[in-house]
Structures are given as structure tokens and as C-alpha cells.
Amino acid sequence: MEAENHTEASQFLLLGLSDDPKLQPLLCGVFLSMYLFTVLGNLLIIVAISSDSHLHTPMYFFLTNLSCVDICFTSTTVPKMLVNVQEQSKSITYIGCLIQVYFLMIFAGMDTLLLTVMAYDRYVAICHPLNYTVIMNPHFCGTLVLISWFIMFWVSLLHILLMRQLTFCVGTEIPHFFCELAQILKVACSDTLINNIVLYVSVAFLGVLPLTGILFSYSRIVSALMRISSTGGKYKAFSTCGSHLSVVSLFYGTSLGVYLSSALTHSSLQNSVASVMYTVVTPMLNPFIYSLRNKDVKGALRRLLNLAAPCL
């Protein structure tokens, strides 16, 4: 294929998960169901926390933000995939692909930063309980979230500006069901050295550093719990971390699976399936983890459903 300037490459082709026409209705049904569960589950968490004054605390403020981010994260990829399946089309415009990459990076990065902030919140609550309300005041919590958005806005914008400098071949095929930056760099027709360097630095900054912060917070938490003499006291203190630990393990476990799948195999199908885990499955499971493992959220959801029952 003859290489042309990127401004002339008006669209890309998303190869999706399967070319088998018989599987398309099944894939459409499965992804539509998961998308609806994700949106409804996270919306329930947001409404339940907002309607219960007992949950207006830093931990649940960050959880509300995480639920909003998860809705947006999934909405960046799944609706476009469903439209393509319904229209039996694989195309996405060049501008549409840029927009998808931009918002995917923002919301994926926000996930990591919010999980880190939530780990810090648990660290302060358990290791400095007397100063918790002073340290984690509303202004500080709001500032942490705004700084996270600010960081992701500029990091994502940098990647988009660098991506705009690349050239692509006419009819470029992306072996994925959405525009993932790493996959796009592989199919570019021009040199991507700078893009890859910036990508690796971003992964280290937004993936490794937050994970280090989470591990450090929990190491301090475990150290503090070891000084508690009663087993009941240890369990009560650590139980507030259970849901967060589960979400962190799920998010980083699936992200690591995507990285290893991409590094160890050249199968586009395996890479796509691995990506489904962190872009669709993880945001869908987060509300279930927090509602099943957290008695406060369960109580808020129960009261919300009791209030809504007469209206149904």
C-alpha cells in the first residue's frame, strides 16, 4: 500500500473480535448486556451515595468519582463497537479514532490515580485516625481529584499531538475493537520512536508509580494493624480496605494481562480478548464488588430501593 499523509487517511478499519458473521449477534448481545450492567450498576452506586448523608465521606466521594470514570471509560469503546456490529461496518474516522484514544487515556489514567488516592485515604484513616477529618478535608479531596484530571488532560493531549505527526497507509487496519494507542503505533507508516518513548514513560508514570504508592500505603496499613492486639480490631480496621483491594487487584491484574499478552504473543485476538477484561469487565464488576463487600453501600442501596419501590 502506498503511504499517504495522515490528513488524507480519513478512516481506519477496526477488525474487532471476530470476522464470523454468525458470532456477531452473540457478541452484540453480550457486550450490550455488559455495557448496560456497567452503566446501571455504577449509576446505582452514585445515586445511593449521593442520597445517603452517612456516606458523604472522603472514601465514598472518591468511589463516586471512580464510578463516573468507569461509566465514561466503557462508553468510549463499547457503543462504537455495537454500532459497527449492527451496521456491519468496521470503519472509524481518523478524527473519531483520535477522540477515542484521547478519552481512553484520560479515563484509564483516572482509574489508576483514583485508586491511588483511595489507598492514601485508607492509609490516613487507619494510621492517623485522630487527624483523619483534618487531613482528608473536602477541599483537599476535591483538589486531589482536580489535580488527577489536570494531569490526565495534558498527558493525553501530548499523545494526541504526537500521534498527529504520524503518517498512515490508506485502508489501515487496526487489529482491535477500539483505537488503542499501542496498536495504532504498530500500524503507522512513519517512525514512532518518540511516540513509543513517551508511551513507555507514561506507563511508568501512570501505572508503576501509582501502584508503588498503593503498595506503600498498604505496607504502612499492615504495619499499623500488626500493633493492634485484638483480632477483632484488626479485622474491623482492615475490612474497610477489602473492596478497594479487590478492585485494585482486578484492575492491575487485567492490565498486566493485557501487557503480557501483547509482549508474549502476536495474536491480535488474544490481545483483544485481554483488553476486554480491563475496558469492559472491570468497570462492570466494580459496583458488584463495592455493593457485596461493603455493608454501608449495601445499606444505602437497600434504602434507595425501598424508596423507589412505591414508585414502580
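Me: What is the strand order of the open sheet, and what kind of pairing does the sheet have?
Reply: Three strands run in the order β3-β2-β5, with mixed pairing. This is a predicted model: local features need pLDDT of at least 70, side-chain atom pairs count only at pLDDT 80 or more, and totals for chains, interfaces and linings use all residues. Residues are numbered from 1 along each chain as its sequence is written, and side-chain values use heavy atoms, leaving out hydrogens and water.

Me: What makes β3 and β5 edge strands?
Reply: Each of them pairs on one side only. β3 covers residues 91–93. Strands here are DSSP runs of E with at least two residues; helices are runs of H or I with at least four, and both are numbered from the N terminus.

Me: How do you know that β2 and β5 pair?
Reply: Two strands pair if DSSP finds at least two bridges between them. Strand β2 (residues 11–14) and β5 have two bridges, so they qualify. Their sense is parallel. Leucine 14 has isoleucine 174 in β5 as its bridge partner.

Me: What makes the link of cysteine 97 and cysteine 179 a disulfide?
Reply: The S to S distance is 2.1 Å. A disulfide needs two cysteine sulfur atoms within 2.5 Å, so this pair passes. The value about the S-S bond is -125°, and the link is left-handed. It connects distant parts of the chain, 82 residues apart. Cysteine 97 sits in helix α4 (residues 94–127), and cysteine 179 in the loop between β5 (173–174) and α7 (181–187).

Me: Why is cysteine 97 called buried?
Reply: Its relative accessible area is 0%. Buried means under 20%, exposed over 50%, and partly exposed in between (1.4 Å probe, protein chains only). Cysteine 97 is therefore buried. Its partner, cysteine 179, has 1% and is buried too.

Me: How do you know that cysteine 169 is joined to cysteine 189?
Reply: Their sulfurs are 2.0 Å apart, S to S, and the pair is a disulfide. The torsion about the S-S bond is about -135°, so this link is left-handed. Cysteine 169 lies in strand β4 (residues 168–169) and cysteine 189 in the loop between α7 and α8 (193–226), so parts 20 residues apart in sequence are tied together. Cysteine 169 is buried at 12%. Cysteine 189 has 30%, so it counts as partly exposed.

Me: What pattern do the disulfides of the chain follow?
Reply: The structure holds two disulfides. With bonded cysteines counted along the chain, the pattern is 1-3, 2-4.

Me: Why does cysteine 72 have no bond to cysteine 68?
Reply: The sulfur of cysteine 68 is the closest cysteine sulfur, but at 6.8 Å it is too far for a bond. Cysteine 127 is also in no disulfide. Its nearest cysteine sulfur, in cysteine 241, is 9.0 Å away. Cysteine 72, at 32%, is partly exposed, and so is cysteine 127, at 22%.

Me: How do you know that the buried residues of α3 share one side?
Reply: In α3 (residues 78–87), Val78, Met81, Leu82, Asn84 and Val85 are buried. They cover an arc of only 160° around the axis, so they lie on the same side. The arc uses directions from the helix axis to the C-beta atoms. Gln86 and Glu87, on the other side, are exposed. Just after α3, glutamine 88 has a positive phi of about 50°.

Me: How many cavities of 30 Å³ or more are there?
Reply: The search finds two. The largest has a volume of about 50 Å³, the second largest about 40 Å³. A cavity is a set of points on a 1 Å grid over the protein atoms alone where a 1.4 Å probe fits but cannot get out; lining residues have an atom within 4 Å of a point.

Me: What lines the largest cavity?
Reply: The lining is Met59, Met118, Asp121, Arg122, Thr240, Ser243, His244 and Tyr290. α4 gives the most, with three residues. α10 (242–264) also supplies at least two.

Me: Which helix gives the largest share of the second lining?
Reply: α2 does, with four residues. α1 (24–51), α2 (58–75) and α11 (268–293) each supply at least two. Among the lining residues are Asn42, Leu63, Asp70 and Tyr290.

Note on methods: 1 Å grid on protein atoms, 1.4 Å probe; cavity = no way out; pocket = protein on both sides within 12 Å on 5 of 7 lines; lining within 4 Å. Points joined across faces, edges and corners; volume = space filled by probe spheres on them.
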